[in-house]
Amino acid sequence: MTVAPSIIVIGIGNEYRRDDGVGIAVARRLRERFLTKITVLEESGEGTALMDSWKGATWVMLLDAVRSGAPPGTVHRLDARSTSVPAGFFHYSSHAFGVAEAIELARSLDQLPPHLIVYGIEGENFAAGEEFSPVVEQAIEAVVERAADELRFAMKGGD
């Protein structure tokens, strides 16, 4: 008998700073699709809170806005178990110890979950407000679809 993995989706950001809330928006849409089959958390991106939030999970997906220099709306997907998070990938974060630092510290302490997928959506506008940039709004649905496929696979015990 196969035991279903504990699956946690973590939406990161500030929903009152326009594109910075994209991770939370995607996480909420995934919650609507999967209801009780996954755990969905909303975090600010503070590193120690992230490390605490994924403790004990076998399959984790982080969703956040990024500002790496790629065109706004670009979707990045990283398997954090096999790839380091590029320095400055989440440089928009106000936390000195944020997403990238939490992942890399957890890696060095051998505390990464067995599966850790990171989706970053390039933001364009991080000013105060609740509306997404049009290009980021378009990226949301694409990420929801792609992430939903991965979650279905994870629920079946896929690697």
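**Entry 1: S4 and S5**

I began with the pairing of S4 and S5, which is antiparallel and runs over five bridges. To pin this down on residues, I looked for the partner of Val 75 and found Ile 121 in S5. A reminder to myself: this is a predicted model, and I read everything below with that in mind.

**Entry 2: the other partner of S5**

Next I turned to S3 and S5. In which sense do they pair, parallel or antiparallel? I found S3 and S5 paired in the parallel sense, over eight bridges. Here the residue to click on is Val 60, whose bridge partner in S5 is Leu 116.

I also wanted to know how S5 sits in the fold. Seven of its eight residues are buried, so S5 is largely enclosed by the rest of the structure.

**Entry 3: the whole sheet**

Then I followed the strands across. There are five of them in an open sheet, ordered S2-S1-S3-S5-S4, and the pairing is mixed. Which strands are at the edges? They are S2 (39–43) and S4 (75–79), each of which pairs on one side only. On average, neighbouring strands are turned by 15° against each other, direction ignored.

I checked one more pair, S1 (residues 7–12) with S3 (residues 59–66), and noted a parallel pairing over five bridges. Gly 11 is a handy marker there, with Leu 63 in S3 as its bridge partner.

**Entry 4: helices on the sheet**

With the strands in place, I looked at what packs on them. Helix H1 (residues 22–34) touches S1, S2, S3 and S5 (115–122). The direction of H1 makes about 140° with that of S3. Helix H4 (residues 134–155) packs on the sheet as well, touching S1, S3, S4 and S5. For H4 I noted an angle of about 170° with the direction of S5.

**Entry 5: a buried acid**

I stopped at Asp 20, in the loop between S1 and H1. Does a salt bridge go with this residue, or is there none, and where is the nearest opposite charge? Asp 20 is buried yet has no salt bridge, and the nearest side chain of opposite charge is that of Arg 17, 5.5 Å away. I know that a salt bridge needs a nitrogen within 4 Å of a carboxyl oxygen, so I moved on to other polar atoms. I found the backbone nitrogen of Asn 14 at 3.1 Å from a polar atom of the Asp 20 side chain.

**Entry 6: two positive phi values**

I looked up two loop residues other than glycine with a positive phi. Leu 35 has a phi near 40° and sits in the loop between H1 and S2. Is Leu 35 buried or exposed? It counts as exposed, because its relative accessibility is 59%, and the cut-off for that word is over 50%.

Asp 110 has a phi near 55°. I found Asp 110 in the loop between helix H3 (99–108) and S5, where it is exposed with a relative accessible area of 65%.

**Entry 7: salt bridges**

How many salt bridges does the structure hold? The count is 11, and I looked at three of them.

The pair I liked best is Glu 145 with Arg 33, whose closest N and O atoms are 2.3 Å apart. This pair links distant parts of the chain, with Glu 145 in helix H4 and Arg 33 in helix H1, 112 residues apart. Glu 145 is partly exposed at 35% relative accessibility, and Arg 33 is partly exposed at 37%.

Lys 55 and Asp 52 also meet through their side chains, at 3.5 Å from N to O. Lys 55 is exposed, with a relative accessible area of 59%.

The third pair is Arg 107 and Glu 104, at 2.9 Å between the closest N and O atoms. They are three residues apart in helix H3, so about one helical turn separates them. Arg 107 is partly exposed, with a relative accessible area of 25%, and Glu 104 counts as partly exposed at 25%.

Last, I followed salt bridges that share partners. They join Arg 29, Arg 33, Glu 137, Glu 141 and Glu 145 into one network.

Conventions: Residues numbered from 1 in each chain as written. Predicted model: local features only at pLDDT ≥ 70, side-chain atom pairs only at ≥ 80, totals over all residues. Heavy atoms only, no water. Pairing = 2+ DSSP bridges. Helix = DSSP H or I, 4+ residues; strand = E, 2+ residues; numbered from the N terminus. Axes fitted to C-alpha atoms, helices over the stretch in contact; angles between N-to-C directions. Contact = heavy atoms within 4.5 Å. Buried < 20%, exposed > 50% of the residue type's maximum accessible area, 1.4 Å probe, protein only. Lys, Arg positive; Asp, Glu negative; His and termini not counted. Polar contact = N/O pair within 3.5 Å; in protein donor to acceptor, adjacent residues only side chain to side chain.
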